[in-house]
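Open the structure in your viewer and keep the selection tool ready. We will go from stop to stop, picking something out each time and looking at what is there.

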Amino acid sequence: MLDLEYVSGGYTEHPVINDVNFSVSPGEFFGILGPNGSGKTTLLKMISGIIPCTSGTIQLNKRDINEFSRKMLAKRMAVLPQLTAHAFAYTVRETVALGRYAHHQGFFQSWTSEDERVLQTVMEQTNITVFQHQTVQQLSGGEQQRVFLAQALAQQPDLLLLDEPTNHLDLAYQKNLLDLLKKEVSQEGLTVVSIFHDLNLASLYCDRLLLLHEGRERVIHTPDSVLTEDLIKEVYKTNVTRYPHPAVAKPQMHLLPEKVDGSARTVTIGPSMLNIKEAHITLTSPIPLRTLSSGVCGSGIGWHNTLVNRHVPDDYDCSDPEAEMQQYLETNGFDPAQTVGMMTAVQLADAAYSLWEKDGVSLFTVVTAGVGNATDSARSVGMTHSATPGTINIWLIINGHVTDEAYIQAIMTATEAKAQALREMDIKDKRTNTIATGTSTDSILVASTQQGGHSPYAGTATKLGHVIGQSVYSETKKAITRYQAR
Ligand SMILES: Nc1ncnc2c1ncn2[C@@H]1O[C@H](COP(=O)(O)OP(=O)(O)OP(=O)(O)O)[C@@H](O)[C@H]1O
């Protein structure tokens with residue numbers, strides 16, 4: 001529906017836009033990205049006909065935009081400009097009603113019931129009906145933005161051009177506006193071409209992205225292909241880290257701030273930070289640790305500075321252990337937002353721990369172990385619960401910088417070492433009478449300071465993996481021996 005071929009142009013004899021080519025299909029949400037001054041607004045002005053091309057062609061529905069009268073173009077294409085100071089004192093209703101002008105035959109055509117229906121619909125969609133009798137200049141920046149979007153929607157265009165539509169909008173209205181546009185795109189066939197500064201919003205909402213660099217197209221593709229660390233670093237000249245959105249299959253880019261405060265000091269997590277009491281073992285780190293855990297609280301991936309392994313009675317039974325644990329942490333002065341919390345019925349005085357420093361690896365390993373619920377994972381039938389305590393909780397805190405792969409391999413290596421300790425100690429699944437591989441309620445945490453030495457991998461072929469395997473094997477055996485002696 002929109003085709004640009006070798007488009008160049010700008011404000012002076014030196015073009016801002018150079019040889020840009022792309023096509024947008026009907027019903028597509030197309031995003032334009034690029035650093036300040038890369039030519040995004042200039043390109044949008046050229047598409048809307050405000051600035052002429054010095055070379056190349058812009059076609060709308062296979063017709064050159066220069067062949068359209070202003071009014072004909074306004075019926076097909078609406079523009080939501082970057083918000084500027086609006087001095088005029090029209091009411092909100094009057095401002096939105098101006099959007100219907102393109103649909104009127106002559107200047108004096110009377111207001112029709114269809115005009116009124118569209119006006120009411122777009123004011124409701126943008127949530128501005130309550131302001132309709134106020135003047136635009138009485139509104140906040142975000143409210144004004146919604147009024148001008150309503151005006152653009154009132155034009156009922158096929159193509160909507162937007163210049164940073166979420167500028168001035170709070171979080172909820174950013175989402176509302178983009179959800180509304182997406183709905184118009186997918187249900188009504190509207191085509192949207194929008195400039196974005198927020199790469200993550202562009203990733204979430206756009207079907208394809210054009211990345212402009214110094215007035216030229218650097219790449220046009222899906223968010224997955226455009227939002228790569230290398231491309232963004234090259235074009236925006238800043239370091240970013242790419243991560244998947246936790247709930248949507250779209251990439252998200254995270255800025256990496258310079259370390260300018262005391263967080264740059266190197267910390268070694270070790271036994272001096274461990275506090276073993278009858279009720280709980282805690283480890284308090286002076287810096288947040290990057291954690292991956294199966295704890296009751298703080299599970300999954302996160303950053304936490306407190307680790308808690310709490311003693312519960314053997315008959316502990318609770319319908320909502322997460323809420324109960326949260327309550328426990330708060331009551332005992334821990335901030336649940338910064339804490340990974342686990343539980344065990346074993347006596348915490350029997351915990352085994354050591355700081356392992358070997359081959360350039362520094363690892364603090366803490367294990368509490370009971371084997372009352374020992375289970376052979378190859379033959380398990382689900383939760384088993386005996387009268388004796390039976391959980392193995394393992395903490396691995398790496399004094400170093402590790403990758404996501406290394407976190408996963410660390411869990412794998414630790415689990416293998418735990419299974420080997422159980423095998424050598426002849427710990428059996430009581431139900432099957434086969435060697436146990438763990439217990440039915442085991443938990444694990446891998447944490448790292450993300451400072452110092454870098455370990456990309458933690459499988460058994462690596463130095464880190466070697467130390468993880470040895471330490472888990474050895475501390476698990478020690479903890480089980482103490483448990484059995486009790
Ligand atoms: N009216 C104008 N007259 C002359 N030059 C202009 C005009 N408007 C913009 N420019 C120049 O054109 C270049 C591109 O500007 P443009 O506004 O298109 O960039 P942009 O990518 O939209 O930037 P931003 O992200 O800052 O909004 C800049 O170098 C700018 O100085």
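Start by selecting strand β6, residues 77–80. Strands here are DSSP runs of E with at least two residues, helices are runs of H or I with at least four, and both are numbered from the N terminus. In a regular strand the side chains alternate between the two faces of the sheet. In β6, M77 and V79 point to one side and A78 and L80 to the other, and all of these are buried, so both faces are covered. A residue counts as buried if 20 or more other C-beta atoms lie within 10 Å of its own, as exposed if 12 or fewer do, and as partly exposed in between, with C-beta atoms placed from the backbone.

Before the next stop, two notes on what you are looking at. This is a predicted model, in which local features need pLDDT of at least 70 and side-chain atom pairs count only at pLDDT 80 or more, while totals for chains, interfaces and linings use all residues. Residues are numbered from 1 along each chain as its sequence is written.

**Next to β6**

Add strand β7, residues 159–163, to your selection: β6 and β7 run parallel and are joined by four bridges. Two strands are said to pair if DSSP finds at least two bridges between them. Look for L80, which stands opposite L162 in β7.

Now step back to Q156, in the loop between α5 (141–154) and β7. Which sign does the phi of Q156 have? The phi is positive, about 45°, although Q156 is not a glycine. Most residues other than glycine have a negative phi, and most peptide bonds are trans. Q156 is partly exposed, with 19 other C-beta atoms within 10 Å.

**β3, β9 and β10**

Select β3 (residues 29–33) together with β9 (residues 208–213). These two strands run parallel, with four bridges between them, and L33 has L211 in β9 as its bridge partner. Then add β10, residues 216–221, which pairs with β9 in the antiparallel sense over five bridges. Here L210 is matched with I220 in β10. The hairpin of β9 and β10 has two residues between the strands, and E214 takes a positive phi near 50° there.

**An open sheet**

Next, pick out β2, β1, β4 and β5, listed in their order in an open sheet with antiparallel pairing. Which strands lie at the edges? They are β2 (17–24) and β5 (63–64), each of which pairs on one side only. Further in, β1 (residues 2–9) and β4 (residues 55–60) are joined by five bridges, and E5 has T57 in β4 as its bridge partner.

**The ligand and helix α1**

Show the residues around the ligand: Y11, V16, G34, N36, G37, S38, G39, K40, T41 and T42. A residue belongs here if its C-beta atom, placed from the backbone, lies within 6 Å of the molecule. This shell divides into two nonpolar, seven polar and one charged. In this count Ala, Val, Leu, Ile, Met, Phe, Trp, Tyr, Cys and Pro are nonpolar, Asp, Glu, Lys and Arg are charged, and the others, Gly among them, are polar.

Follow the chain into helix α1, residues 40–47, where six of the eight residues are buried. The buried ones are K40, L43, L44, K45, M46 and I47. After α1 comes G49, with a positive phi near 85°.

**Two loops further on**

Go to G372, in the loop between β18 (361–369) and β19 (374–375). G372 counts as buried, with 20 C-beta neighbours inside 10 Å. Now select G390 as well: the C-alpha atoms of G372 and G390 are separated by 4.0 Å, although the two are 18 residues apart along the chain.

Then visit Q450, in the loop between β25 (443–448) and β26. Q450 has a positive phi near 55° and is partly exposed, with 16 other C-beta atoms within 10 Å.

**Zoom out**

Finally, show the whole protein, with its twelve helices and 26 strands. Its radius of gyration is 31 Å, well over the 23 Å that the globule rule gives for 486 residues, so the protein is more spread out than a compact globule. The radius is taken over C-alpha atoms, and the rule is 2.2 Å times the number of residues to the power 0.38. Colour by pLDDT, the predictor's confidence in each residue from 0 to 100: the mean is 91, and 95% of the residues reach 70 or more.
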